[in-house]
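This report looks at the interior of one protein chain, taking its enclosed spaces, its nonpolar cores and one of its sheets in turn. The sequence and the structure are shown here for reference.

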Amino acid sequence: MDIQPQRKGLVLGVYEKEKEEESLILTTAGENFDNAVSGKLRDQLSRSGPALKKGKSRIFYGLHEDFSSIVVVGLGKKSIGVNQQEIWNEAKENIRAAVSVGCRQMQDMEIAQVEVDPCGDAQAAAEGAVLGLFEYDELKKKKKKAVTTHLHGSEHKAWEKGVLYAEGQNLARHLMEAPANYITPTKFAEIFEQKLASMDSSVKVFTRSKPWIEEQQMGAFLSVAKGSEEPPIFLEIHYSGSSDASQPPLVFVGKGVTFDSGGISLKPSSGMDAMRADMGGAATICSAIMIAAKLKLPINIIGLAPLCENMPSGGANKPGDVVKAKNGKTIQVDNTDAEGRLILADALCYAHSFNPRAIVNAATLTGAMDVALGSAAAGVFTNSSWLWTHLQEASVITGDRVWRMPLFEHYSKQVTESALADLNNIGKYRSGGACTAAAFLKEFVTAPHWAHLDIAGVMSNKDEVPYLRKGMSGRPTRTLIEFATRLSEDNQTV
């Protein structure tokens, strides 16, 4: 019996003309391919319709014996770079979007092997390919065709880096998208234990159980966890990448509420299923550390993820209860749905014990952040312009943007005036909810370089990011990886 050779596809890029009189502008890989087929690609493109605009595509068949299908994608103008208005590298974003379109079309044609034009930036092309093909369908019988993408060119190091960046974000997407009965605090920790077990001795994972949490006097964290039958876990990941073991670490802290019902302050039922992704902060920071380790970044990083559910059982926090955090401050819990700041308070206190170079926490913290910025950018509240500069520069590269928000004393006053305790877990007024939440966290920070990323607005994707399918986004994992990369290259003593 004859075995049919597996069909292969090729995704190639084409630029928009800068001037009317210009001829068709192919990428280097496109030019090489066109030469190999004696100009047939250029001829077919010219005959098949108007010039391809950014993000549009066209499919050709029978041009080359090695490839059953060729998808040509529009990359926009070749001359573009960093767009100062949009605060991102537009060329990289165009490549990610275009390559994702081409790869998805190959998937729709059920072509399992696809080679991808680096389009002048192999890392961005790899990110577009790997991110664009991801879909959480593992619990469905009918699944999309598995597609393996390869570089059509020689920029292998940059391509592999892009694959790793995208795989990190896809892991966060997987964790956030999976049902809460599949990703419990225990299961979340087990996944990272398994994934990091095969790595070298530079990575260590500590899964802290309830007795340890009690020993640490993390009363705020425990007060949230006690409403659920699922036991809390405090996940701690250490990556020692620096040749200097005594180098102060970058500490990532992530909110890990694997399901948030709101507790006694119960959320409306509509859309509550999305609260399976309320551990997005933990998912992104843990995934970022895993990729930093795979990239062997010369930096020490510690990841801290308090993991629990927020449920309304008979043992749950009640509005008006007072709990005590690790640093001894008492907190009046007037809204049990403002639970993320409670578990982060204890984790931030613990983060200081590592003499950190910087602390960065990520959390799907407030609906107010979504109202303020939508899905355009993660809000950043920070006491350090040095830290902010690195975060923003990283986000320009990744296209997964951040935007600086205020940490005014104006907001601190609204959480430090409490009838029963040192602090209240909600602001005195309804306005500025993301800002008062950040002000609350600041009460547990003494480190001079701290940033809080409120990622509630970027938690999911509808159609805003063209190279992500609809669903949980895994943002801003790539920005955290790029930030750690930039920090590893910055020898400035802070």
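## Enclosed spaces

A cavity is here a set of points on a 1 Å grid where a 1.4 Å probe fits but cannot get out, and a residue belongs to the lining if it has an atom within 4 Å of such a point. In this model, which is predicted, the count comes to two cavities of 30 Å³ or more.

The second largest cavity, with a volume of about 40 Å³, is lined by Lys 92, Arg 96, Asp 121, Gln 123, Ala 124, Glu 127, Tyr 165, Ile 397 and Thr 398. Two or more residues of this lining come from each of the elements α3 (90-108), α4 (122-133) and α12 (385-398), and α4 gives the most, with three residues. Divided by class, the lining of the second largest cavity holds four charged, three nonpolar and two polar residues.

The largest cavity has a volume of about 50 Å³, and its lining is made up of Ser 223, Val 224, Gly 227, Gly 263, Ile 264, Asn 310, Met 311, Ala 316, Asn 317 and Thr 336. No charged residue is found in the lining of the largest cavity, which divides into six polar and four nonpolar residues.

## Nonpolar cores

The largest nonpolar core comprises 67 residues, and within it Phe 188 and Phe 252 are the residues with the most contacts. Helix α9 (residues 280-294) supplies the largest share of this core, namely ten residues.

When residues up to four places away in sequence are left out of the count, Phe 188 touches Leu 175, Ile 183, Leu 235, Met 279, Ala 282, Ala 283, Cys 286 and Leu 307. A second core, separate from the largest and consisting of 51 residues, includes Phe 221, Phe 234, Ile 343 and Phe 440.

## A three-stranded sheet

Three strands, in the order β14-β15-β19, form an open sheet whose pairing is mixed. Because β14 (321-324) and β19 (423-424) each have a single partner strand and stand at the edges, one side of each is left without a neighbour in the sheet.

Strands β14 and β15 (residues 330-333) run antiparallel and are joined by four bridges. Which residue of β15 is the bridge partner of Lys 324? The partner of Lys 324 in that strand is Thr 330.

Key. Residues are numbered from 1 along each chain as its sequence is written. This is a predicted model: local features need pLDDT of at least 70, side-chain atom pairs count only at pLDDT 80 or more; totals for chains, interfaces and linings use all residues. Side-chain values use heavy atoms; hydrogens and water are left out. A nonpolar core is a set of buried Ala, Val, Leu, Ile, Met, Phe, Trp, Tyr and Cys residues joined through side-chain atoms within 4.5 Å. Buried means under 20% relative accessible area, exposed over 50%, partly exposed in between (1.4 Å probe, protein chains only). Contact means heavy atoms within 4.5 Å. Two strands pair if DSSP finds at least two bridges between them. On a 1 Å grid over the protein atoms alone, a cavity is a set of points where a 1.4 Å probe fits but cannot get out, and a pocket is an open set with protein on both sides within 12 Å along at least five of seven lines; lining residues have an atom within 4 Å of a point. Grid points are joined across faces, edges and corners, and a volume is the space filled by probe spheres set on the points. Ala, Val, Leu, Ile, Met, Phe, Trp, Tyr, Cys and Pro count as nonpolar, Asp, Glu, Lys and Arg as charged, and the others, Gly among them, as polar.
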